[in-house]
Amino acid sequence: MMSSAPPRDLLRPDEQTTSVVHRGPWTIELRAGQLENIRHLGVLVLRSVRAVVRDENWRTVPSIVDRMHGVDLDAGSLLVEGRTRDERVVLKWLLEVATDGDELSIAYRSEAGSDFLRNRLGLIVLHSPELAGSPIDVSHPAGAVTSTVFPDHISPHQPAVDIRGLDWVVTGDGCSTSCRLGFAGDVFEMEDQRNWTDASYKTYSTPLSLPFPVSVRAGEVIEQSLVLRCVATGAESSELADASGPVMGELVIGDIVRGVTLPALTTTASTAASIHRPDERRRARWAGALLVELDPSWSNWAAALARAIEDADGRPLDVRLVADRVDEVGPVLDALAEHPSLEITRIALFAREDHLAVPEIARSLLSALDERGLDIQVVAGTRAHFTELNRSIGRLDSWRGPMTFSITPFMHDTSGQQMVESISTQREVAENARRLAHGRPLHIGPITLGARFNAVATTPSPTPSGRDLDEGYGAALVAGATDVRSSSASLAAWLLASVAALTGPKVLSLSYLEEWGARSPAHESAEQVLSWLSELEGQPVRSARAPGLTALAAGRTGARSTVVLIGNLRDQPREFRLPGSAVPIVVGPGEVRRFELRCGAGVSDRLAEE
């Protein structure tokens with residue numbers, strides 16, 4: 001897991017400044033009013049403690065910090081005062097942080113200034129994914145204790161419920177830290193946030209087994225607290241060295257990874273309003289296929305399909321349909337059959353309610369295709385997050401064909417830190433998906449920044465009102481689906497890191513962002529990286545590593561060269577050396593550089609940048 005800051009153009013404005021608070025053995029980072037990277041004698045014991053409000057559709061209500069007191073003091077309480085930044089949800093909140101030797105206490109108090117609906121309100125605690133497999137004792141309100149572990153494989157369901165307290169041990173660097181965390185003010189439970197590519201396990205207030213949403217009335221006060229006690233044994237720990245400075249190491253290119261080739265890159269048809277459609281020169285040409293999502297209940301689905309066919313300009317379509325029954329998509333299938341020269345590489349049909357394409361639906365779709373003389377590969381799985389695939393894999397056991405799921409790093413947290421940390425978890429998600437697939441091929445995507453629809457909403461999704469595309473459709477109508485970082489220069493390094501993380505056996509395609517518009521990779525650096533990657537489609541992948549950098553290498557056995565892409569997802573320049581060279585090469589924050597390894601007689605003899 002990356003510990004240094006991401007490039008500045010991937011940060012939100014409220015993340016630009018991070019304060020560090022020292023209290024006795026405790027060190028806490030303050031970022032946008034959140035308590036981050038909580039350390040005891042230098043050992044990371046909690047990833048984060050946060051005050052959150054989740055509305056009736058599980059959207060995180062944004063907050064603004066009004067005042068922080070005690071940041072620059074060596075003793076006394078630390079106070080963080082904030083309020084929600086939402087006209088529907090008016091709430092003032094206070095976090096009070098105090099220490100007493102090896103004990104850290106955090107008290108939360110909020111008062112509602114308006115009536116609103118909430119699904120969650122109060123404290124959440126994030127635990128490091130490096131605890132995977134570690135034992136944990138769970139204390140319950142009635143006094144019983146359950147022994148379990150932080151899940152190794154990504155857990156589809158809550159690994160711990162009915163929590164009043166947690167006991168675990170953090171080990172490493174010759175020391176051991178025993179942690180005891182107690183909660184008050186509510187009953188808590190834990191979920192494995194790696195399901196959504198968050199690098200954490202989360203202990204949160206208010207069990208999901210209780211009915212939601214809950215009405216909050218103006219004047220209502222909510223109070224919760226936690227107390228963390230830590231005891232260190234063994235060698236005394238110290239503050240970790242800053243990992244953000246220059247690193248000098250040699251690029252190492254290894255053997256071809258058996259059974260792994262670079263996946264095909266695709267993109268999603270733009271959902272933007274017609275007014276934003278660019279001229280021909282601005283349309284993506286790095287993508288081998290164009291994925292289009294269609295719901296026949298939309299008034300403008302026919303216009304969306306027609307525009308996707310035009311934008312594809314001879315490239316294949318990957319069609320993803322959303323409907324309650326197969327007969328609903330009959331008009332769409334008829335429209336596809338009217339274009340006999342149109343190549344459709346894949347098709348899927350997902351249910352509106354659970355977002356799943358299960359074997360029964362897939363087989364019905366196959367029959368409907370046969371009736372129209374359409375020979376198209378059918379895909380099963382989910383159009384939503386990996387968690388839906390993880391929880392529903394039993395329903396897919398009888399399906400032997402390819403499977404799919406989607407990814408967004410911003411399900412719970414839209415910070416730049418989360419965006420970068422999601423990369424390591426994307427690798428875990430891909431590994432877990434292969435484990436569940438049992439050899440079935442995987443098509444991963446759409447992979448977007450903002451979620452293109454709300455998979456857990458309790459209110460209906462927005463739909464188009466006309467038959468044209470003047471207002472767009474799909475993600476264009478969804479709050480939070482558009483993120484300004486899609487136009488950042490450093491998105492290039494993120495895309496490279498994501499492709500490197502997701503590439504593996506049986507991963508046949510990766511679909512990124514939209515082809516044009518506000519949700520496309522608009523910066524020329526991102527477009528260049530995607531073009532470089534598309535040129536390597538189907539090439540065997542070689543093992544590659546460079547300290548503090550992303551390294552991806554691909555080239556055939558016996559070929560004259562191997563292409564190497566090096567990216568930097570940190571906020572500081574990084575240095576490395578080419579094999580056999582003493583000359584440092586600098587890669588700037590968010591930058592990606594391309595090299596070619598020239599081979600002679602099966603031996604790598606030199607690297608040359610292009």
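Is Arg 519 buried or exposed? In this predicted model, Arg 519 counts as buried, at 10% relative accessibility. The residue sits in the loop that runs between strand S28 and helix H7 (524–535). Its side chain makes a polar contact of 3.2 Å with the side chain of Thr 271. Beyond its sequence neighbours up to four places away, Arg 519 touches a fair list of residues: Thr 271, Ala 272, Ala 475, Ala 476, Ala 481, Thr 482, Ser 486, Leu 513 and Glu 514. One of these, Leu 513, lies in S28 itself and comes up again below.

S28 belongs to an open sheet of nine strands with mixed pairing. Reading across the sheet, the order goes S23-S22-S21-S20-S28-S27-S26-S25-S24. Strand S23 (344–350) and strand S24 (356–357) are the edges, each pairing on one side only. For S24, the partner is strand S25 (residues 380–382), and the two pair in the antiparallel sense over two bridges. Within that pairing, Ala 357 has Gly 381 of S25 as its bridge partner.

Two helices lie across this sheet. Helix H3 (residues 359–371) lies across the two edge strands, S23 and S24, and runs at about 130 degrees to S23. Helix H6 (residues 491–502) lies across strand S20 (264–268), strand S26 (403–407), strand S27 (442–447) and strand S28 (507–514). The angle between H6 and S28 is about 155 degrees.

The backbone around S27 and S28 has a few quirks. Most residues other than glycine have a negative phi, and most peptide bonds are trans. Lys 506, in the loop between H6 and S28, has a positive phi near 70 degrees. With a relative accessible area of 43%, Lys 506 is partly exposed. Leu 513, in S28, also has a positive phi, in this case near 55 degrees. Leu 513 counts as buried, though, at 2% relative accessibility. Over in S27, where Pro 446 is found, the peptide bond from Gly 445 to Pro 446 is cis, with omega near 5 degrees.

A second cis peptide bond turns up elsewhere in the chain, joining Phe 212 and Pro 213, with omega about 5 degrees. Here the proline is in a loop, the one between strand S16 (201–205) and strand S17 (214–216).

Back at the sheet, the loop between S20 and strand S21 (290–294) holds Ala 287. Ala 287 is buried, with a relative accessible area of 3%. Leu 265 is 22 residues away from Ala 287 in sequence, yet their C-alpha atoms are 5.4 Å apart in space. Apart from neighbours within four places in sequence, Ala 287 is in contact with Leu 265, Thr 266, Thr 267 and Arg 315.

Helix H5 (residues 416–437) has 22 residues and reaches 31 Å from its first C-alpha to its last, close to the 32 Å expected at 1.5 Å a residue. Even so, the helix isn't straight throughout: H5 bends by about 35 degrees at Ile 423. Of its 22 residues, 16 are buried, so H5 is largely enclosed by the rest of the structure. Just after H5 comes His 438, another residue with a positive phi, near 50 degrees.

Glu 191, in strand S15 (residues 188–192), is another charged residue to look at. What is its relative accessible area? The value is 7%, and because buried means under 20%, Glu 191 counts as buried. Setting aside neighbours within four places in sequence, Glu 191 is in contact with Gln 158, Pro 159, Trp 196, Tyr 201, Lys 202, Tyr 204 and His 412. Between Glu 191 and Leu 389, the separation is 198 residues in sequence and 16 Å in space, C-alpha to C-alpha.

Conventions
Residues numbered from 1 in each chain as written. Predicted model: local features only at pLDDT ≥ 70, side-chain atom pairs only at ≥ 80, totals over all residues. Heavy atoms only, no water. Pairing = 2+ DSSP bridges. Helix = DSSP H or I, 4+ residues; strand = E, 2+ residues; numbered from the N terminus. Contact = heavy atoms within 4.5 Å. Axes fitted to C-alpha atoms, helices over the stretch in contact; angles between N-to-C directions. Buried < 20%, exposed > 50% of the residue type's maximum accessible area, 1.4 Å probe, protein only. Expected span 1.5 Å × (residues − 1). Bend = angle between axes of the 7 residues up to and from the residue. Polar contact = N/O pair within 3.5 Å; in protein donor to acceptor, adjacent residues only side chain to side chain.
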